Amino acid sequence: MKKGRIIFLNGVTSAGKTSIVEALQERDDIFFYVVANDLFQEMVGEKYLREDYWKYLGEVIIMMYHTAKLYSDMGKNVLIDGILVERDEIAPHYRQLTEILKDNPLDIVEVYCPLDICRKRNVMRGDRYEDQSEEQHALMAKNIVYALRVDTSLYSAAECADRIVGELFFKNELL
C-alpha cells in the first residue's frame, strides 16, 4: 500500500496554520486527516498541564507524530498543525519527528508571518496572550529543512493552500 503524504505546517501561534488547514480541507482534489498540537493538548487534563505543562505536552506531541505515521502507513494524507520547539522535555524535537517519520513521505512547510502581525492577531483572537508568538519563535527548532515557505501576511489561507498542493502534490506530475 502506498503511504499517505504528511504535511507538517510549522509556525508560531497566529501565523495562520489552522486557517491553512481549513482551506486545505475545503479542497475537492486532496483529502487530509488532521492532527494538531491544540487537539492533542486537549487529551491532557488541565490539572496535569498546570502541574508540568511541557512534560505532558511533550509526551502528547510525540504520540501525535506516531498517530500521523499510523494514518500515513494506512495510505491516508495527513496535515500536522504544530510548532517544532526545542525544550528540554522534548529535545531533540526536530530529530525525533524526522526519526519517527523517516519511512513516511514528510514535507515540512514553514508558515511564516511577521511577529508584529502575529502579535496583533493574538490580541484580536483573545485566546492567546500578546507576546505568545515571540516566545514561541525564540524556542523554535533551528536548521529545519523546509519543503516550502508560505507567508500569510502576503497571501490568503486559500492561496497558501493552493501553493502547498500545487508545489507538493502536483508539481512533479507537470514535469
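1. Which residue lies over the face of tyrosine 112? That would be arginine 149, at 4.0 Å from the ring centre. Keep in mind as you read on that this is a predicted model. The two partners come from different named strands: E4 covers 106–112, and E5 covers 148–151. Each of these strands supplies at least two residues to the largest nonpolar core.

2. There's a second charge-over-ring case to look at. The charged end of lysine 55 sits over the ring of tyrosine 56, with 4.2 Å to the ring centre.

3. Now for the rings themselves. Searching the whole structure turns up six aromatic pairs. One of them joins phenylalanine 8 and tyrosine 65, a tilted pair with 6.0 Å centre to centre and 50 degrees between the planes. Phenylalanine 8 belongs to strand E1 (residues 6–10) and tyrosine 65 to helix H3 (residues 46–73), so this pair ties together parts that are 57 residues apart in sequence. Are these two rings' residues buried or exposed? Phenylalanine 8 is buried, at a relative accessible area of 0%, and tyrosine 65 is buried too, with 0% relative accessibility.

4. Tyrosine 33 and tyrosine 71 make another tilted pair, this one at 4.9 Å centre to centre with 40 degrees between the planes. Again the pair links distant parts of the chain: tyrosine 33 is in strand E2 (residues 33–36) and tyrosine 71 in helix H3, 38 residues apart. Tyrosine 33 is partly exposed because its relative accessibility is 31%, and tyrosine 71, at 29%, is partly exposed as well. Add Phe31 to Tyr33 and Tyr71 and you have one aromatic cluster.

5. On to the inside. The largest nonpolar core counts 52 residues, and the ones with the most contacts within it are Ile7, Tyr65, Ile80, Leu84 and Ile164. Elements that each put in at least two residues include E1, helix H1 (17–25), strand E3 (78–82), helix H4 (93–100) and helix H7 (157–174). Which element gives the most to this core? It's H3, with ten residues.

6. Two residues give a good feel for the packing. Setting aside neighbours within four places in sequence, isoleucine 80 touches Ile6, Ile7, Phe8, Leu9, Val35, Met64, Tyr65, Ala68 and Leu101. Valine 35, in strand E2, is buried at 5% relative accessibility. With the same neighbours left out, valine 35 is in contact with Phe40, Met64, Thr67, Ala68, Val78, Leu79, Ile80 and Asp81. As for leucine 97, its C-alpha atom is 14 Å from that of valine 35, and the two residues are 62 apart along the chain.

7. H3 deserves a second look on screen. This helix has 28 residues, yet its end C-alpha atoms are only 32 Å apart, short of the 40 Å that a straight helix would reach at 1.5 Å a residue. Where is the kink in H3 centred? Look at aspartate 52, where the kink is about 120 degrees. Just after the helix, glycine 75 adopts a positive phi of about 85 degrees.

8. A last stop is helix H6 (residues 132–139), which holds glutamate 135. This glutamate is partly exposed, at 40% relative accessibility. Between the C-alpha atoms of glutamate 135 and lysine 76 there are 33 Å, for two residues that are 59 apart along the chain.

Definitions and conventions
Residues are numbered from 1 along each chain as its sequence is written. This is a predicted model: local features need pLDDT of at least 70, side-chain atom pairs count only at pLDDT 80 or more; totals for chains, interfaces and linings use all residues. Side-chain values use heavy atoms; hydrogens and water are left out. Rings of Phe, Tyr and Trp (its six-membered ring) pair if their centres lie within 6.5 Å; planes under 30 degrees apart count as stacked, over 60 as edge-to-face and the rest as tilted. Helices (H or I, at least four residues) and strands (E, at least two) are DSSP runs, numbered from the N terminus. Buried means under 20% relative accessible area, exposed over 50%, partly exposed in between (1.4 Å probe, protein chains only). A charge sits over a ring if NZ of Lys or CZ of Arg is within 6 Å of the ring centre and within 35 degrees of the ring normal. A nonpolar core is a set of buried Ala, Val, Leu, Ile, Met, Phe, Trp, Tyr and Cys residues joined through side-chain atoms within 4.5 Å. Contact means heavy atoms within 4.5 Å. The expected span of a helix is 1.5 Å times one less than its number of residues. The bend at a residue is the angle between axes fitted to the seven residues ending there and the seven starting there.
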